[in-house]
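Subject: Structure handover

Hello,

Here is the structure I said I would pass on. My notes on it follow below; please read them with the structure open.

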Amino acid sequence: MKKINFILSLSLFLILFGCNSDDDSGNENTQRNETLIFGWFADSSCSGDCSTIYKIDSENIYRDIDFNYPENTFFEGNFQLMNNANFQDFESLISELPNEIFNEPNGYLDCTDCTNENGGFYLEYQDNDGLHKSWRFRNAIYPDYLENYRSLLLDKLAELNSL
C-alpha cells in the first residue's frame, strides 16, 4: 500500500511540474516585440509624393509623414501615430510574414538586376532578439512563397491609404 501511495504521489508531482513548465514557455511568446516597416515606392520617373511607408509595432500603426524614399538598407522615416487605424486590423502583416523570407539576404527578392530606381514594395522586420532585415520586391517579380502575403499587403495598404 505504501508503494502504491508513493507511486501515485510521484505521478501527481510529475504531472503538476510538467504543467508549470508549459505555462512558462507560453509567456515567452506573448512578450515578443516585433516591428514591421512596410509600404511602396515609385520608380525614378515619379515626382512628388513617391512613397507611402508605414510602421506597425506590438501596439500601434504609424505613417511616414515626410514621404521619405527607402534609400538605404534600413528606412529612416518620420513616423506619426495613426490614431484612426485599429492595430488588430493590421497585425496579420506581422503574423503572416512568410518564414522563408528570413532566409533571404537584404535587398530585392528574385530580381538581382533591380535597383531602387525601379520602385516596388518595401518590407523591414526587426525583433527584440536582434534580427533586423529589409527586402524589396517588384509588383510582378517576387518569390512564389510571397504571393499570398503580397495580396495581403496590397489589401492592407489600400485600407491604410483610405484612412
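Two strands are taken as paired here if DSSP finds at least two bridges between them. By that rule E2 and E3 pair, in the antiparallel sense and over three bridges, and within this pair Lys55 stands opposite Tyr62 in E3. E2 and E3 form a hairpin, with four residues between them. Please keep in mind that this is a predicted model.

Overall make-up

The chain has 163 residues, of which 36% count as buried. Its secondary structure comes to three helices and seven strands. Read from the N terminus, the elements follow the order α-β-β-β-β-α-β-β-β-α. Among contacts with a separation of 6 or more, 61% are between residues 24 or more positions apart.

The sheet

In what order do the seven strands lie in the sheet? The order is E4-E3-E2-E1-E6-E7-E5, in an open sheet with mixed pairing. Strand E4 (79–81) and strand E5 (107–108) are the edge strands, each pairing on one side only.

Starting from the E4 edge, strand E3 (residues 61–64) pairs with E4 in the antiparallel sense over three bridges; Arg63 stands opposite Gln80 in E4. Beyond the E2–E3 hairpin described above, E2 also pairs with E1, again antiparallel, over six bridges. In that pair Phe41 stands opposite Ser51 in E2. E2 is mostly covered, with five of its six residues buried.

On the way to the other edge, E6 and E7 pair in the antiparallel sense over six bridges, and Tyr125 stands opposite Lys133 in E7. These two strands form a hairpin with four residues between them, and Gly130 in the turn has a positive phi of about 95 degrees. E5 and E7 run parallel and are joined by two bridges; the bridge partner of Tyr108 in E7 is Arg136. Five of the six residues of E7 are buried, so E7 is largely enclosed by the rest of the structure.

Helix H3

H3 lies across E1, E2, E3, E6 and E7, and runs at about 80 degrees to E1. As a check on its length, the 16 residues of H3 should span 22 Å at 1.5 Å a residue; the end C-alpha atoms are 23 Å apart, which agrees.

Which residues of H3 are buried? They are Tyr149, Arg150, Leu152, Leu153, Lys156, Leu157 and Leu160. Seen down the helix axis, the buried residues of H3 fall within an arc of 160 degrees, so they line one face of the helix. An α-helix has 3.6 residues a turn, so residues three or four places apart point the same way. Asn148 and Ser162, on the other side of H3, are exposed. The cover over the buried residues of H3 includes E1, E2, E3, H2, E6 and E7.

The nonpolar cores

The largest nonpolar core has 26 residues, and Leu36, Phe38 and Leu123 touch the most other members. At least two residues of this core come from each of strand E1 (34–41), strand E2 (51–56), helix H2 (92–95), strand E6 (120–127), strand E7 (132–137) and helix H3 (147–162). H3 gives the most to this core, with five residues.

Leu36 can serve as an example. Not counting residues up to four places away in sequence, Leu36 touches Tyr54, Lys55, Ile56, Leu93, Ile94, Leu97, Glu124, Tyr125 and Tyr149. There is also a second, separate core of eight residues, including Phe41, Ile53, Cys111 and Tyr122.

Asp64

One residue to look at separately is Asp64, in strand E3. Is Asp64 buried or exposed? The cut-off for buried is under 20% relative accessible area. Asp64 has 1% relative accessibility, so Asp64 counts as buried. Leaving aside neighbours within four places in sequence, Asp64 is in contact with Ile53, Phe75, Gly77, Asn78 and Phe79. Ile53 is also a member of the second core. From Asp64 to Leu81 the C-alpha to C-alpha distance is 9.1 Å, with the two residues 17 apart in sequence.

Regards

How values were computed
Residues numbered from 1 in each chain as written. Predicted model: local features only at pLDDT ≥ 70, side-chain atom pairs only at ≥ 80, totals over all residues. Heavy atoms only, no water. Core = buried A, V, L, I, M, F, W, Y, C linked by side-chain atoms within 4.5 Å. Buried < 20%, exposed > 50% of the residue type's maximum accessible area, 1.4 Å probe, protein only. Contact = heavy atoms within 4.5 Å. Axes fitted to C-alpha atoms, helices over the stretch in contact; angles between N-to-C directions. Expected span 1.5 Å × (residues − 1). Arc of directions from axis to C-beta.
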